[in-house]
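Trainee: Could you show me how to read a charged patch on a protein surface?

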Amino acid sequence: MKYGIDIWGNDNFFIEDGKVKVKEFCQPALIDIVEQVRKEGYTGPLLLRFPHLIKKQIDMIYGFFERAIREFNYNGNFQAVYPLKVNQFPNFVKNLVHLGRDYNYGLEAGSKAELILAMAYNNPDAPITVNGFKDKEMIALGFIASEMGYNITLTIEGLNELETIVETAKKRFGKVLNIGLRIRLHSSGTGIWAKSGGINSKFGLTSTELIKAVTTLKEEKLLEYFTMIHFHIGSQIAEIAPLKKALREAGNIYAELIKMGASNLCAINLGGGLAVEYSQYQDNLHRNYTLNEYANDVVYLLKEIANRKKVKEPNIFIESGRYIAAHHSVLVAPVLELFSQEYTEEKLFMKEKNPPLIQELYDLYQTINKKNALEYLHDSIDHMESLLTLFDLGYVDLQDRSNTEVLVNLIIKKAVNLLKDKHYQELLSIQDRVQERYLVNFSIFQSLPDFWGLGQHFPIMPLNRLDEKPTRSASIWDITCDSDGEFSFNPKKPLFLHDVDLTQDEYFLGFFLVGAYQEVLGMKHNLFTHPTELSVHLDKNGYKIENIIEAQSISDILEDLDYDVKEIQENLNEKIENSDLIDDNVRKYILGEIYLLLNDNGYLKTIKSEENR
Ligand SMILES: *Cc1c(COP(=O)(O)O)cnc(C)c1O
């Protein structure tokens, strides 16, 4: 079972000796990296970052666009900026800026805080673009960036922003920034993030407003600073057709604006939207094009329009975020429990004389074999339903009910094992009733918010045992107390996991493609925090683990909510002092326990990890 790694894996990972390995240099297994980190005392979920996968995406974007530019003999250049909103964490951003230096990779900011980040970290000659709603202060900040020497373009979302730019330009110190106009297109993307485009979108200037903007810029003698038009038709553009439509619209607007006298207009900014393949299932792909096709279409169409309208071919700007960031990180979370695991033979307490249906369950359990497995499985589930009804009616007692649950779970386990060499279709046909629930040490709200909010799929697979056939149809439960914290089993997109005995072995699940949006959108539901993170650097000598940042401690997260941690500690101390714990040593011991707990993170600790400490 390959868990679709050939579909979503981007050739970044592969399976060998039953383990998922990183396809780079020494090709370490993810599980070995995880075990090394856990030996150092870091428990709970881990977010692994792979900087070489950031580099790879940057190289790919530039590679394909530069190839298309050569192929079509295109007379404009290509330039990418990274939109900070996709992942602002320092171990991502600093790596990206460093790795993108040779390409002059720039940054895009959508708020004052992001603009400050861009001004602090951007490569010296690389562009900065600014989108989103702006006030006076933010526009002034843009001018400051320009005065500092940055090549900055402020994209105007509405005419009132243009007025503020005109006013600000008069007051500042001479160095005017580049002005971009966001255009409102009729076209929009498709999919769950398609809202950013279209005539009713939140952003951009209509045709009438564009004409007004150019007239104003002319009157105010600022037209020479107008260099770029910008659009963004939504994230994760699933189909290429709407993008092509948008390009035709934008290309023609570009040409028309130049004809109106915007002679320094030289760039079209395509925004983001380049999609990532998240699917684990060939019959359910999340995009219908490749980067190669995307780059070729953009270059070809823009050339065609420019040539037809006899204007210079525009420089191409892209603000791809998801495509650059998604691949670089993997969330690894330990499985804490298989719910059926508590049902062992030792838990079975058959009576001298049992109700007939229970006796029959017992016989099914004793005599089940390969041939009758499916039939016995169905029978046992029917018996269970009858027995539960009998219990409700008062005909069987609690011990009988317990024996029923134990027996049925034992039968399911045996049957699933006996059937494992058969086609999965047979297991699928009964999956709803024989699911195994895996309790996993992580929070969906914190680490996969787009699954919770939008039903976005992320590839999931175990990190090892991949040479064994997984037999359990799995639903995954996180450790929040929220019933939304679950990936339920979906027969259309089935997830099978291994039947592991967690008293003997550990079992880790990897959640892939989580590098875009998930980290900063993640929320502290139940006060679970951003997981412990680390960067894994690979080279020909091996791999190095760097920049470990442990998940926030309990006292830190309480402080984030503006609690006074001192006060909390004093309250606890006082209560312990006033309790009837007579012995001073006991009191001291308990205070010590609380102190340790407050300074540790709030994720659960598996038994094995405790032993390692
Ligand atoms: C969000 C956003 C992006 C990034 O989109 P991706 O789909 O992540 O590539 C780019 N530009 C603008 C203006 C955005 O709002």
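Trainee: Which residues gather in a patch of negative charge on the surface?

Mentor: A patch is made of residues with over 30% relative accessible area and no salt bridge (a side-chain nitrogen of Lys or Arg within 4 Å of a carboxyl oxygen of Asp or Glu), like charges being joined within 9 Å. In this predicted model, where local features need pLDDT of at least 70, side-chain atom pairs count only at pLDDT 80 or more, and totals for chains, interfaces and linings use all residues, the negative patch brings together Asp556, Glu559, Asp564, Glu567, Glu570 and Glu574. Residues are numbered from 1 along each chain as its sequence is written, and side-chain values use heavy atoms, with hydrogens and water left out.

Trainee: Which elements give two or more residues to the negative patch?

Mentor: Helices are DSSP runs of H or I with at least four residues, numbered from the N terminus. Here helix 19 (554-560) and helix 20 (565-578) each supply two or more residues, and helix 20 gives the most, with 3 residues.

Trainee: Is Glu559 buried, partly exposed or exposed, and why?

Mentor: Buried means under 20% relative accessible area and exposed over 50%, with partly exposed in between (1.4 Å probe, protein chains only). Glu559, which is found in helix 19, counts as partly exposed because its relative accessibility is 45%.

Trainee: How many positive and negative side chains does the protein chain have?

Mentor: Lys and Arg count as positive and Asp and Glu as negative, while His and the chain ends are not counted. The protein chain has 66 positive and 87 negative side chains, and the centres of these two sets lie 9 Å apart.

Key. Patch = residues over 30% accessible without salt bridge, like charges linked within 9 Å, V, L, I, M, F, W, Y side chains within 5 Å. Areas by Shrake-Rupley, 256 points an atom, 1.4 Å probe, with all protein chains shown as cover. Charge placed at Lys NZ, Arg CZ, Asp CG, Glu CD.
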